[in-house]
Amino acid sequence: MKVIKIKFLFRRKALKEWYSEIFCGILSSRYKVIIDEDKPDFVFHEAHLIDVIPFSGVRIAFSSENVRTDFNISDYGIGFDHIKFQDRYIRFPLYLFYSGSVKAAELRPESILALDVQNLVNRKFCNFLVSNGTASDFRSQFFLMLCQYREVDSGGNYLNSIGYQVKDKSTWQNEYKFSLCFENSTTSGYLTEKLIQAYASNTIPIYWGDPDAFGSLHEGKGGINPEAVIWVDPLNPEIALARIKELDSTPGLYLDMLKKPLFIDNDHILFFENSLKDFLFSIFDQDKEAAYRRGFGQVRLRVENRNIARSSIIKSFLNYFKKRIKF
């Protein structure tokens, strides 16, 4: 069995443990995995950070936010975007790491048949669970618009209306007919766990974010069924509002939509699982030297050195003020 020495470079400990468990789970089926914090041959790292530069090994960037891999810094990238770049990139959206929610979403059209119909239609109206108040203004604007029709319960740090912060997201969302689950921003391919978890909690998602979410994976789209989700168009949000009112007041229509599958493709989960395995194996089956892709030309190395210098200046500046500011 081939031995591979790897490192996971993530600033948040919880994320590092989570991603290392997932990626090591895949890699250990084919290789003997050794975690080497000092001199790894391969480094998994956050796409939006340059902490990886001091490590000379093969770099594999992962995007958990709405950012792109810098292929001048990293050899390979895993992210949200619908792009093709030789053998250096794969689309694997963050929500797929929430395997429990994804599986529950896949099974909902069957599992919901066992639930009491009256309880489903008589639940509270709509929930809103947001902690980040610095995202797109459209999210809060539509929240306020929807509240003019019926009160929406907000259980996060932002615009909280219930007097406490929700701890168990799935259980709480299950108490409602609808979930307002907008992304923080809109970009093609940027589809996070918000939509998936809302649907897995037996609510109808009210969604804005990825404009290419709807359509088959095999046609280059996000694999989401538009009949299972209420899409909110920023240019004409009244259409979504009218649809919400119609479903809220018509139990038969509401139940019909509740039974719609979220994923268009029957192989939604398998499609991504196989793609990720093939991508990782294609990297690690190579010798380290053959796996490099970023190149070592003078201009690229100059760019990397500038990033190192910039990072060093910023850290020195912050440390200078930390020593002098007393709280």
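Of the 327 residues of the chain, 48% count as buried in this predicted model. The C-alpha trace spans about 65 × 55 × 35 Å along its principal axes. An accessible surface of about 16500 Å² was computed for the chain, and carbon and sulfur atoms contribute 53% of that surface. Eleven helices and eleven strands were assigned. Among contacts with a separation of 6 or more, 67% are between residues 24 or more positions apart.

Two domain annotations are available from an unreviewed UniProt entry. According to that record, residues 20-98 are covered by "Alpha-(1,3)-fucosyltransferase FucT N-terminal". Over this range the chain is 10% helix and 27% strand, and the C-alpha atoms at the two ends are 14 Å apart. The unreviewed record also assigns "Fucosyltransferase C-terminal" to residues 124-235. Over residues 124-235, helix accounts for 23% and strand for 16%, with a distance of 28 Å between the end C-alpha atoms.

The strands are described here by sheet. Six strands form an open sheet with parallel pairing, in the order E2-E1-E3-E4-E5-E6. Its edges are strand E2 (32-35) and E6, each of which pairs on one side only. From one strand to the next, the twist averages 20°. Within this sheet, strand E3 (residues 42-46) and E4 run parallel and are joined by five bridges. Val43 is placed opposite Arg59 of E4. Helix H1 (residues 13-27) packs on the sheet, where it touches strand E1 (3-9), E2, E3, E4 and strand E5 (76-79). The direction of H1 makes about 160° with that of E1.

Ala61 provides a view of the surroundings of E4, the strand of residues 58-62 in which it lies. The relative accessible area of Ala61 is 0%, and therefore this residue is classed as buried, the limit being under 20%. With neighbours within four places in sequence left aside, the contacts of Ala61 are His45, Ala47, Thr69, Ser74, Tyr76, Gly77 and Ile78. Phe44, 17 residues away from Ala61 in sequence, is 5.8 Å from Ala61 in space, C-alpha to C-alpha.

Pro93 belongs to the loop that connects strand E6 (89-91) with helix H2 (99-111). Because its relative accessibility is 0%, Pro93 counts as buried. Beyond residues up to four places away in sequence, Pro93 touches Gly79, Phe80, Leu191 and Phe272. The C-alpha atoms of Pro93 and Lys167 are 24 Å apart, and the two residues are separated by 74 positions in sequence.

A further open sheet consists of five strands in the order E8-E7-E9-E10-E11, and its pairing is parallel. E8 and strand E11 (230-231) each have a single partner strand and stand at the edges, so one side of each is left without a neighbour in the sheet. Four bridges link strand E7 (residues 124-128) with strand E9 (residues 176-180) in the parallel sense, and Cys126 has Phe178 of E9 as its bridge partner. E9 in turn runs parallel to E10, with three bridges joining them. Leu180 is matched in E10 by Ile206.

In a regular strand, side chains alternate between the two faces of the sheet. In E10 both faces are covered: Ile204 and Ile206 are buried on one side, and Pro205 and Tyr207 are buried on the other. Helix H4 (residues 137-149) lies across E7, E8, E9 and strand E10 (204-207). Relative to E7, H4 runs at about 165°.

At the edge strand E8 (residues 153-154), the position of Ser154 was examined. Is Ser154 buried or exposed? Its relative accessible area of 0% falls under the 20% limit, so Ser154 is buried. The side chain of Ser154 reaches the backbone oxygen of Leu159 at 2.9 Å. Leu159 also appears among the contacts of Ser154 outside its neighbours within four places in sequence, together with Phe128, Phe143, Asn160, Ser161, Ile162 and Trp172.

How values were computed. Residues numbered from 1 in each chain as written. Predicted model: local features only at pLDDT ≥ 70, side-chain atom pairs only at ≥ 80, totals over all residues. Heavy atoms only, no water. UniProt positions renumbered as here; feature names shortened; annotations may be inferred. Buried < 20%, exposed > 50% of the residue type's maximum accessible area, 1.4 Å probe, protein only. Polar contact = N/O pair within 3.5 Å; in protein donor to acceptor, adjacent residues only side chain to side chain. Contact = heavy atoms within 4.5 Å. Pairing = 2+ DSSP bridges. Axes fitted to C-alpha atoms, helices over the stretch in contact; angles between N-to-C directions. Areas by Shrake-Rupley, 256 points an atom, 1.4 Å probe, with all protein chains shown as cover.
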